[in-house]
Amino acid sequence: MLRSHRARRLGIALLTALSLGFGLAACGNDSDGGRNASDEQTAANGDVFNSADVTFATDMIPHHAQAIEMVTLTDTRTLDPEVKKLADRIRDAQAPEVETMVDWLTAWGVDIPDTSIDHANAGHDMSDMPSMASSDMPGMMSADDMQALANASDAEFEDMWLDMMVDHHQGAIEMARTEQAEGKYPGALSLAGSIENSQQAEIEQIKNLLGS
C-alpha cells in the first residue's frame with residue numbers, strides 16, 4: 001500500500017532536517033539533570049535550556065525515527081483500516097516533532113543523533129544496526145526485533161506491530177515524564193506533555209484493537 005502524498009512530504013522533510021544537523025559540534029553541559037540554575041545554558045537565540053532538555057531531544061529523535069521506520073513497514077501490508085489510520089497518524093505526528101527537536105539541538109549547538117532512518121538510507125538492512133540495538137532508551141526495539149517485524153508473514157504482522165508499538169509508546173512516555181520532571185526549556189516541556197497524552201491515548205486504542 002502506498003503512503004499518502006502528505007506522508008511522503010513529511011518523510012522527506014524529516015530526512016532533510018536530520019541531514020542538515022550533522023557535523024555540528026556538541027556543546028558542553030552538566031551531566032546532572034533537574035531544574036538546577038547551575039545546569040542552565042543560554043543559546044545564541046536566547047533559548048534557556050538544561051542537560052535534561054538536551055537528553056530528551058537527543059534520545060527522542062532516534063526513538064521517534066524508529067517509530068516512523070515501524071510505520072513505514074506497514075506501507076506494503078494489508079491492514080485493518082483502523083490500524084492503517086493509526087499508523088498514518090503516528091507518522092504524521094512524529095515526523096514534525098523530530099523536525100522541531102532537530103531545530104532545538106541545532107540552535108543549542110548540539111550534535112544531531114544518528115537514527116535508524118539514516119542507517120537504512122545508507123543502504124543497510126535492519127540487522128546491521130548495532131548502535132540502535134544497543135541503545136538503553138526505553139521502548140526501543142532491537143535490530144533483531146525490527147528484522148523479525150519486517151520478515152513477519154501477513155497473518156502475523158499486524159498483531160506483532162501493535163504489540164511492539166505499545167512497548168515503544170510506553171518507552172516514549174517514560175522519557176516524556178522524565179523531561180517534565182527535570183527539564184527547563186518550555187518548548188520541550190510542552191512537547192513532552194503532548195507526547196505523554198497522545199501516546200497514552202494511542203496505547204488505549206491499540207489495546208482495544210488487540211481485544212485486550
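A salt bridge here is a side-chain nitrogen of Lys or Arg within 4 Å of a carboxyl oxygen of Asp or Glu. With that in hand, one network stands out for a start: salt bridges link Asp-75, Lys-84, Asp-88 and Arg-91. Everything that follows comes from a predicted model, and the charged pairs are picked up again further down.

First, the overall picture. The protein chain has eight helices and two strands, and going along the sequence they come in the order α-β-β-α-α-α-α-α-α-α. Of its 212 residues, 46% are buried. About 9,800 Å² of the protein chain is exposed, with carbon and sulfur atoms supplying 50% of that area. As for how the chain meets itself, take the contacts with a separation of 6 or more: 74% of them are between residues 24 or more positions apart.

How far can the model be trusted, going by its own confidence? The mean pLDDT of the protein chain is 82, and 72% of the residues get to 70 or more. Confidence peaks in strand 2 (residues 48–49), at a mean of 98, and bottoms out in helix 5 (residues 130–133), at 40. Residues 1–10 have a pLDDT below 50, and the model gives this stretch 17 contacts beyond near neighbours in sequence. Residues 15–34 also stay under 50, with 47 contacts beyond four places in sequence.

Next, the nonpolar interior. As a rule of thumb, nonpolar side chains in soluble globular proteins tend to be buried together. In this model the largest nonpolar core has 25 residues, and the ones with the most contacts inside it are Phe-56, Met-60, Met-101, Trp-104, Leu-105, Trp-108 and Ile-195. Helix 2 (51–72), helix 3, helix 7 and helix 8 are the elements that each put two or more residues into this core. Helix 3 chips in the most, with six residues. There is also a second, separate core of 21 residues, and among its members are Leu-73, Leu-149, Trp-161 and Ile-206.

Two of the core tryptophans turn up again among the aromatic rings. The count of aromatic pairs comes to four. In one of them, the ring centres of Trp-104 and Trp-108 are 6.1 Å apart and the planes sit at 15°, so this pair is stacked; the cut-off for stacking is under 30 degrees. Trp-104 and Trp-108 are four residues apart in helix 3 (residues 81–108), which puts about one helical turn between them. Both are buried: Trp-104 has a relative accessible area of 9%, and Trp-108 has one of 4%. Trp-108 also pairs with Tyr-185, this time edge-to-face, at 5.3 Å centre to centre and with 85° between the planes. That pair links distant parts of the chain, since Trp-108 belongs to helix 3 while Tyr-185 is in the loop between helix 7 (154–182) and helix 8 (186–210), 77 residues apart. Tyr-185 is buried as well, at a relative accessible area of 14%. Taken together, ring pairs join Phe-49, Trp-104, Trp-108 and Tyr-185 into a cluster.

Back to the charged side chains. Side chains of opposite charge can pair when their charged atoms come close. Across the whole structure, the search turns up nine salt bridges. One of them joins Asp-154 and Arg-77, whose closest N and O atoms are 2.8 Å apart. This pair, too, links distant parts of the chain: Asp-154 is in helix 7, and Arg-77 is in the loop between helix 2 and helix 3, 77 residues apart. The two partners sit in contrasting surroundings, with Asp-154 exposed at a relative accessible area of 61% and Arg-77 buried at 10%.

Glu-196 and Arg-177 make another salt bridge, again with 2.8 Å between the closest N and O atoms. Glu-196 is in helix 8 and Arg-177 in helix 7, so this bridge ties together parts that are 19 residues apart in sequence. Glu-196 counts as buried, at 18% relative accessibility, and Arg-177 counts as partly exposed, at 46%.

A more local case is the salt bridge between Glu-82 and Lys-85, at 3.6 Å from N to O. Glu-82 and Lys-85 are three residues apart in helix 3, and about one helical turn separates them. Glu-82 is partly exposed, with a relative accessible area of 36%.

Definitions and conventions. Residues numbered from 1 in each chain as written. Predicted model: local features only at pLDDT ≥ 70, side-chain atom pairs only at ≥ 80, totals over all residues. Heavy atoms only, no water. Buried < 20%, exposed > 50% of the residue type's maximum accessible area, 1.4 Å probe, protein only. Contact = heavy atoms within 4.5 Å. Areas by Shrake-Rupley, 256 points an atom, 1.4 Å probe, with all protein chains shown as cover. Phe/Tyr/Trp six-rings, centres within 6.5 Å; stacked < 30°, edge-to-face > 60°. pLDDT = per-residue confidence, 0-100. Core = buried A, V, L, I, M, F, W, Y, C linked by side-chain atoms within 4.5 Å.
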